[in-house]
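User: Please take a close look at a single buried site in this protein, and then place that site in its wider setting. A formal, connected account would be most useful.

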Amino acid sequence: MDNESDTVPGAKPRTGKGKVAKVEEGPFLKPHIFTITVPKIDGGTNLLVKLKWSQKLMYHGGQFTLNVPFKFPEYVTPAGKKIPKHEKIQLTVNSCPGTEILSKTTSHLLKERYRQAGKSVFFYDSDVLSWSSSDISFAYTMSSNDTSGAVLLSSPPLLDVDRREMFSCYLFPGNKQSRKFFKREVVFVVDISGSMKGKLLEETKNALFAALTKLDPEDLFNVIAFNGETYLFASSLEPATATTVENATQWISLNFLAGGGTNILLPLNQAIEMFSDSRNSIPIIFLVTDGADKDERHICDVMKSQFTDRKDVFPRIYTLGIGMFCNHYFLRKLSILGRGHYDAATDVADSIDACFGALFARASSIFLANIAFENLDQIDELEVFPSEIPDLSSESPLVVSGRYRGTFPETLKVKGFLPDMSNFSVDLSVQEAKDIPIGKMLAKQEIELLTAEAWYSDRKELKEKIANMSIEYSIISEYTNVVLLETERMKITADPAAGRRASSKVNDVKTEEPTPRKILVLRNNGLGFGNLTATEENIVPGFSAPKPPEAGDAYIKGASRCCSWLCNHRCCWCCMGVCSRMNNECANLMTQVCGALACLGCYSCCDSCTGQEG
């Protein structure tokens, strides 16, 4: 019997002969962790697993870094058995036309196989004694010191619901060391509602302390804490001198006390009123929250109106959402309206400081503002993602994509202005994206940006478009569910009556026919549109109201208690070595013993290793 299973995002699961199970909890654990259960297999079976995912390159100090999980713990190899091991890595880097890759550092012995215009291919192929103990890390810089970039054009895929042509425009900040940045006026708007209590608030305070120390004395700042009310460090913006920063640190320590509800509009309005009309500074609102607000669309309307009234440099809004109870698409929409950026610290235990620091570093190093495209007269229809182009920072390249109808110019002119108020323009070469899958590269960003707009406008046709894009590119969205399809192919006889006889002829013709498919609809794995109930009840992100345990949960809890008692809290990892030396008879006996002890949940972890000898 062969088992075939597919994971397909779909707006509506197809029925037919298969049985549709109820919506269940899927394999989604965290935004960066997925798990899948391997069915029971015989020892010595080879498993082929194909993984596809997309991720952003890290960028810091003019250097791009790619990190790919490639670390295999020792227990995945059965002890005492010699199994041939072979590792192969191929890495293709598509660079900006007119530039080349420099200063390559890598964790594995990647050698450059060949180089073409705008493309380099690196390769590693080796027999090894043990699997890799480190992740793949590849870092490189670009040869250009000045701001550079290019535009890639592509036709939509055959089944794409949007038949308009696609483009991707990217700007690299370059490695120029003498670059000047805009003076900063920043107001930190921080949620101190009841759900921020404990470690959440402490992590946020520590990240805020670190950000304050990175301000220059000529910068201006203020801090607004909010729940149902607002609490201001000062009535106006203060210079970031050492004394003022120290006073702010002490004020934060005394006044950041978790409690109350969530009202986001009041502190945002107070922050905007503090900014001056100076053109040589970039006013920044840095919003941090873990909760939802019942008036989120109204907040967007108010901010949009505020920005329309300011002709020169209106306030930039940078938003950081903590946990899964805030409306991440509201926060993304706010950042789009304010030409800022958005990030999510969904792993509330570990990522607040990193996300806060990276987002503030990007906001603090702006050197090109009010970016716009010119010479697009021959384009009949243009849609840009995001709709408001953010500023260019030395801490991150700028990628803007879109759809259009008409004739794209051979050279795209991009303009903006610099910190000294001088005008800036650069001509970007335009070329066809031959081997670069523009559609797949841009799909995730477009789906996320369109979802923010669909939430704000509540347009049905936009939601349907997002669902179709999700199915086309196999990317999770808020308007689709993941569907697991399982087909079992079994050996049967050509004569239906032969299967009912006690014995069959040797020369009966055998064929394979699929049995009715089992269809499992998993819960939606998106970030969601916030949880007002959890926000009103001040539930801390990462925790939820207790629910009655299911039968499987009881076994797992029993496994934890039993095995922790037996192995002093080191059950799974300690048992790995023992299980890897078991023969089949011993494994069967161990299964029966563990079942009697209600410890099968822990043993299944060990069993998944002993079966995968390939």
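Analyst: A residue is called buried when its relative accessible area is under 20%, exposed when that value is over 50%, and partly exposed in between. The model is predicted, and the site chosen here is S393. At 4% relative accessible area, S393 is therefore buried. This serine belongs to strand β23, which covers residues 392-393.

Two polar contacts involve the side chain of S393. In one, a polar atom of that side chain is 3.1 Å from the backbone oxygen of R362. In the other, the side chains of S393 and S365 meet at 2.6 Å. When neighbours within four places in sequence are set aside, the residues in contact with S393 are P173, A361, R362, S365, I366 and F367. Both polar partners, R362 and S365, thus appear in that list.

P173 leads on to another part of the model, for this contact of S393 is also one of the residues lining the largest cavity. That cavity has a volume of about 70 Å³ and is one of four cavities of 30 Å³ or more found in a search of the whole structure. Alongside P173, its lining includes Y59, F64, M142, D146, F172 and N175. By class, the lining comprises five nonpolar, five polar and one charged residues.

On the sequence side, β23 is preceded by a loop that starts after β22 (379-385), and P386 is located in this loop. The peptide bond from F385 to P386 is cis, with an omega near -5°.

Backbone features of another kind are found further along the chain. D458, in the loop between α7 (438-457) and α8 (460-473), has a positive phi of about 60° although it is not a glycine. D458 counts as partly exposed because its relative accessibility is 47%, between the limits of 20% and 50%. S474, in the loop between α8 and β27 (481-493), likewise has a positive phi, near 55°. With a relative accessible area of 53%, S474 is exposed, whereas S393 is buried.

The protein as a whole provides the background. Its secondary structure consists of 13 helices and 29 strands. Of its 614 residues, 44% are buried. Among contacts between residues at least 6 apart in sequence, 75% link residues at least 24 apart. The accessible surface amounts to about 33,100 Å², and carbon and sulfur atoms account for 52% of that surface.

Key. Residues numbered from 1 in each chain as written. Predicted model: local features only at pLDDT ≥ 70, side-chain atom pairs only at ≥ 80, totals over all residues. Heavy atoms only, no water. 1 Å grid on protein atoms, 1.4 Å probe; cavity = no way out; pocket = protein on both sides within 12 Å on 5 of 7 lines; lining within 4 Å. Points joined across faces, edges and corners; volume = space filled by probe spheres on them. Nonpolar A, V, L, I, M, F, W, Y, C, P; charged D, E, K, R; others polar. Helix = DSSP H or I, 4+ residues; strand = E, 2+ residues; numbered from the N terminus. Buried < 20%, exposed > 50% of the residue type's maximum accessible area, 1.4 Å probe, protein only. Polar contact = N/O pair within 3.5 Å; in protein donor to acceptor, adjacent residues only side chain to side chain. Contact = heavy atoms within 4.5 Å. Areas by Shrake-Rupley, 256 points an atom, 1.4 Å probe, with all protein chains shown as cover.
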